[in-house]
Amino acid sequence: MAMKVKQVSSLEKIMTKNYDDAKTIYQKTVMGGESFSYQLAICPDDFVDIFFTVQSPLKEAVSLYEVRNTVMDLPIYSYAIDDDYITRSAGTMPDLLLPLEAEKPMRLVYEAGALWVEVNVPENTPAGTYSVEIDVRAILVGNGEVGYEGRETMQIEVLPCNIPTQKTIYTQWFHTDCIADYHNVPVYSEAHWELIDAYMALYAKLGGNMILTPIITPPLDTGLGIRRTNVQLVDFEKKGHVYSFDFSRLVRWISLVNKNGIRYFEMSPLFSQWGLAYTPNILVKENGEESYLFGWEMDSHNPEYKNFLSQFLPALIDFAKEQGIKERLYFHISDEPNEKHLDAYRFAHDLIVPLIDGCPTMDALSNYAFYEKGLVPVPVTSIADLAPFLENKVENQWGYYCCSHFDAVSNRFMAMPSYRNRIIGLQIYKFGLVGFLHWGYNFYNSMHSRKQINPYLTSSAEGTFPSGDAFSVYPVKNGVAPSLRALVFKEALTDVEVCRKLEEYIGKDAVVKMIDDAAGMDLTFKDYPRQKEFIPNLMNKMMEKIKTFI
């Protein structure tokens, strides 16, 4: 048999039809504490089991994943103008990164595939050049003969400095209910808590340092009259007009967040999505029975909800102070209000803010008036609508994208080339975004949560969102596995810190000039190079520049 093997960038999506287009790479320069990825692209002409053995002084820092194709049932909306997609046709796409167990082979059947190699260089690694050698051995399925043996080597130069700690605040909405639903375990059973821990650990590894915390079941992507699986961390009891609160589960949640090194707590929104018309679905015990005292049946202006919040939020703040996390809290009022909801949002803002003792509020919105009128101190603006916010030099400016952002701008849809995912890092740096939000870490429901879905059968929430928008990780037996897209986005966050490290030596203006000069344009959220070599080449130049100062 004949088999082709080569080392290629993490920005490739390897398929038989594009195998020859992927360029070979041999070396990478990094700082201590930096994580980076590359791939072994493999193209056999037979039915083979492939075994890999790592030889390296950094062996303990190397993780191997088999890149698996998954269903891509909605690549992009038919009316999208932008043609910068790998394909606009439904099919499969390399996306799932399945950890490769020791001594277990990867099977390929005549078609090209890839081994994903992730290297997490330890902090304070002595400066020098380290090789990562991967022995590749292919066995013909059926007769057991050795069909290929070879070795691929990556030279890793480690600089005598550590990469800065990630400053960009990054949240990708963590859907606790979807964990319980998909894995079919009771909510907050021991099995559920173990899975939450596993999902949190991967979340932190992927750069998540703020986490959606379901003090109440998040009123997100929930259709009118529908209730998502209840996952409120706080138990509520009502006697007359007085409420009491049991924070026991929240204590356990905090311990897991701290264990996994996640810094910030993002409180569930306190009003319904897309207009603040209703109260969230909240279970309350009264007269010994638990029922939904609040929900779709209650208008958000109802005095009883005001009574509830006026007791609950101060109690929550006191609890947070006792736990030592009050300064780590962010609150949501309602997701994605528009200009028609300005008065409703002002009502909710004026109700909530006096009750949360100076904690910041943040919401996804794209109308500058909300910030201009002092209603949202931390605006989370779609990257397609940032212009007025940037022109007015808004402090604490965040960005986000979702299914609506498919023309020109960055996103992480499966059908997009990976450079279009990773470019967000340079954009975050250049325009000084404090944080970034994406709604779909693990949303395994259809649109409006009308039903639960299997992400291996539909990656589009049943034909609603472009494939990949709803989730960045895949459920596996007793745990969770990353997508290729999630690790590429982590590299984007790393790019921000490389820029910040270089800024220490030459200043931000010079770093931005270096970016724009390499791009050959004034890089914006809509204008950027559409070549997969651009970002790796620029990062190499930045590393070479950093070397001259250390």
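**Helix α1 and a selection of salt bridges**

T176 lies in helix α1, which covers residues 176–183. The structure described here is a predicted model, and this helix makes a good place to begin a tour. With a relative accessible area of 2%, T176 is buried, since the cut-off for that class is under 20%. Beyond its neighbours up to four places away in sequence, T176 touches Y188, H192, I196, P214, V231 and W253.

The rest of the helix can be viewed in a similar way. Seven of the eight residues of α1 are buried, so the helix is largely enclosed by the rest of the structure. These buried residues are T176, D177, C178, I179, A180, D181 and H183. Their packing partners include two helices, α2 (190–205) and α3 (248–259), along with the strands β23 (473–476) and β24 (479–482). Just after α1 comes N184, whose phi is positive, near 55°.

Attention now turns to charged side chains. The model holds 33 salt bridges, and a few of them help a newcomer to find the way around. K326 takes part in a salt bridge with E327, with an N to O distance of 3.7 Å. The two residues differ in their surroundings: K326 counts as buried, at 13% relative accessibility, whereas E327 counts as exposed, at 64%.

K326 also forms a salt bridge with D357, where the closest N and O atoms are 3.5 Å apart. This pair links distant parts of the chain, as the two residues are 31 residues apart. D357 sits in the loop between α5 (342–352) and β19 (362–364), while K326 belongs to the loop between α4 (303–323) and β18 (329–330). At 39% relative accessibility, D357 counts as partly exposed.

A further example is found within a single helix. E544 and K547 both lie in α12 (residues 534–547), three residues apart, which is about one turn of the helix. An α-helix has 3.6 residues a turn, so residues three or four places apart point the same way. The side chains of E544 and K547 form a salt bridge, with 3.5 Å between the closest N and O atoms. E544 is partly exposed, with a relative accessible area of 41%, and K547 is likewise partly exposed, at 26%. Elsewhere, salt bridges that share partners join D82, D84, R420 and R530 into one network.

Note on methods. Residues numbered from 1 in each chain as written. Predicted model: local features only at pLDDT ≥ 70, side-chain atom pairs only at ≥ 80, totals over all residues. Heavy atoms only, no water. Helix = DSSP H or I, 4+ residues; strand = E, 2+ residues; numbered from the N terminus. Buried < 20%, exposed > 50% of the residue type's maximum accessible area, 1.4 Å probe, protein only. Contact = heavy atoms within 4.5 Å. Salt bridge = Lys/Arg side-chain N within 4 Å of Asp/Glu carboxyl O.
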